[in-house]
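Reader: I'm new to this one and would like a close look at a single part of it, with the surroundings filled in afterwards. Could you pick a spot and walk me through it?

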Amino acid sequence: MQLYNTLSAEERAIMIDDAGKQRLTLSFYAYAQISNPTQFRNELFLAWNSLEVLGRIYVASEGINAQLSLPADNFYAFKDSIEVYDFMKGIRLNIAVEQDDHSFLKLTVKVRDKIVADGLNDATFDVTNIGIHLKAKEFNEILENPDTIVVDFRNHYESEIGYFKGAITPDVDTFRESLPIINEQLQDFKEDKNLVMYCTGGIRCEKASAYFKHQGFKNVYQLEGGIINYAKQIKEENLESKFIGKNFVFDHRLGERITDDIVSQCHQCGEACDVHTNCANEGCHLLFIQCDSCKEKMEGCCSAECVTVIHLPEDEQKAIRRGIKNGNKIFKKGKSDVLTFKNNEETHGVFVAEKPSKNARTGVKKEVKIKKQYIGKGTHFFPKPSIGQFLIEENEIKIGDTILIKGTTTGEQQLVIEEMLVNDLVQETAIVGDTCTFKLPFRIRLSDKLYKIIA
């Protein structure tokens with residue numbers, strides 16, 4: 001009885017091409033009490049292997065989290081195979097916006113402690129008391145509400161290539177890291193703000209919404225079916241996309257385009273780019289963003305060192321890899337110090353613009369809003385000297401001004417200008433049409449806006 005893969009990814013790719021069948025990529029999840037996860041896992045493998053299902057599936061005593069592909073001809077047989085289980089009857093299947101027959105090349109079904117590593121003790125709160133689900137139209141409407149805070153519960157390398165406008169995008173490597181960070185940042189907004197959250201397919205928000213309700217947040221909402229389902233709905237209903245860029249996905253595609261906006265840059269040259277790749281050196285395999293030009297120049301590698309390695313004989317490459325633990329480097333996706341245009345110590349999306357304070361006489365909270373004047377936009381960042389470059393489009397700035405640099409990924413950062421270059425010359429003032437540069441303790445992005453704080 002076959003319960004594991006017997007073919008390599010290369011052999012499977014050839015079989016897929018030879019079969020000539022259109023394949024569908026889809027994902028789904030379900031929380032349920034599974035008494036024997038190993039038996040459940042084996043049943044799924046046997047049923048799905050015969051249907052030519054490929055993918056990455058995690059099962060645990062708390063449920064199932066699945067990302068997979070299958071021949072379109074087998075779709076209804078696949079639905080029948082999962083609806084044998086009561087908790088998966090009528091389950092929502094998120095079908096990918098963009099299809100790729102090679103999105104998955106193996107069937108991997110693993111038993112885990114949890115279907116998402118959240119670091120939470122489920123026994124300490126009611127995991128079924130979740131936030132209100134919002135469809136695409138409802139989600140768009142609530143984003144327009146000034147009392148809404150929207151939070152991206154994906155990792156930094158996911159939100160880097162696409163996000164909802166105005167979202168807080170925590171600079172984290174894992175979902176579990178974002179929970180305490182967001183809880184601390186939003187302590188003062190539990191009563192009077194809408195906490196709206198989203199992720200790729202909705203599974204992370206199911207648990208996160210229950211956690212934040214347990215933490216005392218009164219108005220908690222989540223995007224039903226995540227970005228995948230949102231993209232499907234806005235297309236079907238001809239709605240405006242509040243999501244810009246690409247949605248990162250955990251298969252061979254590494255992303256599917258939602259809008260034509262490119263909100264990230266090549267990690268090697270800084271050009272606008274949102275194509276993820278893994279370093280061609282198997283001993284590195286670092287995930288990073290690489291444009292076509294750099295891909296050709298660097299032969300798909302993240303560094304000159306890795307280029308050297310891939311030209312060694314295979315036995316020498318294996319010898320180099322043997323016994324070396326690259327897990328931490330691979331885990332820090334997109335954060336290696338060899339990536340010139342990727343800062344390793346950036347802070348993303350801190351919600352600070354409207355922090356409430358108490359009236360000294362009444363004790364009632366009031367909103368303290370920063371008065372600011374638009375100046376211009378970021379045009380470049382020089383990482384080694386840590387210098388930002390801006391184009392002045394309106395008004396002017398001068399030495400001694402307090403400025404605010406604001407961006408979805410950068411967050412909101414304030415500082416006083418102590419010195420600057422204007423059109424490459426030391427100047428006191430920069431006016432409309434000038435290009436100015438000054439030192440920064442953080443990196444900026446091309447989409448960042450520059451404001452002057454008005455006293």
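**Around Ile 57**

Author: Let's start with Ile 57: setting aside neighbours within four places in sequence, this residue is in contact with Trp 48, Ile 64, Asn 65, Ala 66, Gln 67, Leu 68, Leu 107, Thr 108, Val 109 and Lys 110. Bear in mind that the model you are looking at is predicted.

Several of those names come back when you look at the nonpolar cores. The largest nonpolar core has 29 residues, and Ile 57 is among those with the most contacts inside it, along with Phe 28, Trp 48, Ile 64, Leu 68, Phe 78 and Met 88. Two or more residues come from each of strand 1 (23–31), helix 2 (37–49), strand 2 (54–60), strand 3 (63–71), helix 3 (75–82) and strand 5 (107–111). That fits a broad habit: in soluble globular proteins, nonpolar side chains tend to be buried together. There is also a second, separate core, with 26 residues, and Phe 189, Ile 203, Ala 210 and Val 220 belong to it.

Now for the strands around our residue. Strand 2 runs antiparallel to strand 3, and 7 bridges join them. These two strands make a hairpin, with 2 residues between them. You can find the turn by looking for Ala 60, which stands opposite Gly 63 in strand 3.

Strand 3 has another partner as well: strand 1 is joined to strand 3 by 9 bridges, again antiparallel. One place to see this is Arg 23, which sits opposite Pro 71 in strand 3. And how much of strand 3 is covered? Most of it, with 8 of its 9 residues buried. As a general rule, side chains in a regular strand alternate between the two faces of the sheet.

Stay with strand 1 for a moment, and look at its tyrosines. The ring centres of Tyr 29 and Tyr 31 are 6.4 Å apart with the planes at 70 degrees, so this is an edge-to-face pair. Tyr 29 is buried, at a relative accessible area of 14%, whereas Tyr 31 counts as partly exposed at 30% relative accessibility. Another edge-to-face pair is Tyr 374 with Tyr 451, where the centres are 5.7 Å apart and the planes are at 70 degrees. This second pair links distant parts of the chain, as Tyr 374 lies in strand 17 (residues 372–382) and Tyr 451 in strand 26 (residues 449–453), 77 residues apart. Tyr 451 is buried, with a relative accessible area of 16%.

The full count comes to 22 aromatic pairs. If you like clusters, try the one formed by Phe 125, Phe 153, Phe 175, Tyr 211, Phe 212 and Phe 217.

Further along the chain you'll meet another sheet. Here 4 strands form an open sheet in the order 6-10-9-7, with parallel pairing. Strand 6 (132–134) and strand 7 (148–152) are at the edges with a single partner strand each, so one side of each has no neighbour in the sheet. Going from one strand to the next, the twist averages 30 degrees. Inside this sheet, strand 9 (residues 194–198) and strand 10 (residues 219–223) run parallel and are joined by 4 bridges. Asn 194, for instance, has Asn 219 in strand 10 as its bridge partner.

Last stop, the cysteines. How many disulfides does a search of the whole structure find? The count is 0. Take Cys 266: the closest cysteine sulfur, in Cys 294, is 3.8 Å from its own, which is too far for a bond, since a disulfide needs the sulfur atoms within 2.5 Å. Cys 266 counts as buried at 0% relative accessibility. Cys 294 is buried too, at 8%, and its place is in helix 9 (residues 292–298). Leaving out residues up to four places away in sequence, Cys 294 touches Cys 266, Gln 268, Cys 269 and Glu 299. From Cys 294 to Cys 269 it is 25 residues in sequence and 7.3 Å in space, C-alpha to C-alpha.

Cys 302 tells a similar story: the closest cysteine sulfur, in Cys 284, is 3.7 Å away, too far for a bond. Cys 302 counts as buried as well, at 2% relative accessibility.

Terms used: Residues are numbered from 1 along each chain as its sequence is written. This is a predicted model: local features need pLDDT of at least 70, side-chain atom pairs count only at pLDDT 80 or more; totals for chains, interfaces and linings use all residues. Side-chain values use heavy atoms; hydrogens and water are left out. A nonpolar core is a set of buried Ala, Val, Leu, Ile, Met, Phe, Trp, Tyr and Cys residues joined through side-chain atoms within 4.5 Å. Buried means under 20% relative accessible area, exposed over 50%, partly exposed in between (1.4 Å probe, protein chains only). Contact means heavy atoms within 4.5 Å. Two strands pair if DSSP finds at least two bridges between them. Axes are lines fitted to C-alpha atoms, for helices over the stretch in contact, and angles run from 0 to 180 degrees between N-to-C directions. Rings of Phe, Tyr and Trp (its six-membered ring) pair if their centres lie within 6.5 Å; planes under 30 degrees apart count as stacked, over 60 as edge-to-face and the rest as tilted.
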